[in-house]
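Trainee: I should like to go through the salt bridges of this structure and the reasoning behind each label. May I put my questions one at a time?

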Amino acid sequence: MRVVPLSRQQSRWFVLLAVLFLCIAWPERGDAATTPTSGGAEPFSCVIKNGTLYDGTGGPPRQADVGIRGDRIVAVGKLTDARAENTIDAKGMAVAPGFINMLSWSTESLLVDGRSQSEIRQGVTTEIMGEGWSMGPVNDRMKARILQEQGDVKFEIKWNTLAEY
């Protein structure tokens, strides 16, 4: 397998996107929760308790609970008195932000089963696709070749452009 290094521009975009993700999706670090969890505070949608937290910064893992409201992580720390609609006991398990698959080959399998179980069950929440070839644009001759070369994963090609894909 040949490894091709990222260009400077690609590297800058990757770092910018990674930092942006961490700033938006991950609250401040610390031992205390970043959001009030008792009294009149709104309950969490979900609390993940007792897990070993890998926060994506490269630092050592730590024991921490994670409080979620809707689709946002809003608290990290000791959430002993937290009220939640759902509680997950992650004792003995790793808790981490979603991983990025920088070289995903799920372009075809997602057409057949859009739930992406093989990736999600490994903690992947973002997939970067298109290395080597693209799902569009395609013409009739290209569609015929792709259909002929299909293996175990079978799908119709209802698109012509990448946007339609």
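**Salt bridges and their surroundings**

Mentor: In this predicted model, the side chains of R115 and D113 meet in a salt bridge, at 2.9 Å from N to O.

Trainee: Why is the contact of R115 and D113 called a salt bridge?

Mentor: The N to O distance is 2.9 Å, and the rule asks for a Lys or Arg side-chain nitrogen within 4 Å of a carboxyl oxygen of Asp or Glu, so the label applies.

Trainee: What makes R115 exposed, and what is D113 called?

Mentor: R115 has a relative accessible area of 53%; exposed means over 50%, so R115 qualifies. D113, at 28%, is partly exposed, because that value falls between the 20% and 50% cut-offs.

Trainee: How do you know that E149 and R145 form a salt bridge, and where do they lie?

Mentor: Their side chains meet at 3.5 Å, N to O, which is within 4 Å, so the rule is met. Both residues lie in helix α4 (residues 140-149), four residues apart, about one turn of the helix. E149 is exposed, with a relative accessible area of 56%, while R145 is partly exposed at 43%.

Trainee: Which parts does the pair D65 and K49 tie together?

Mentor: The two side chains meet in a salt bridge of 3.7 Å, N to O. D65 belongs to strand β2 (residues 62-69) and K49 to strand β1 (residues 44-53), so the pair links parts 16 residues apart in sequence.

Trainee: Are D65 and K49 buried or exposed?

Mentor: D65 and K49 are both buried. That term requires a relative accessible area under 20%.

Trainee: How many salt bridges does the rule give?

Mentor: The count is three.

Conventions. Residues are numbered from 1 along each chain as its sequence is written. This is a predicted model: local features need pLDDT of at least 70, side-chain atom pairs count only at pLDDT 80 or more; totals for chains, interfaces and linings use all residues. Side-chain values use heavy atoms; hydrogens and water are left out. Helices (H or I, at least four residues) and strands (E, at least two) are DSSP runs, numbered from the N terminus. Buried means under 20% relative accessible area, exposed over 50%, partly exposed in between (1.4 Å probe, protein chains only).
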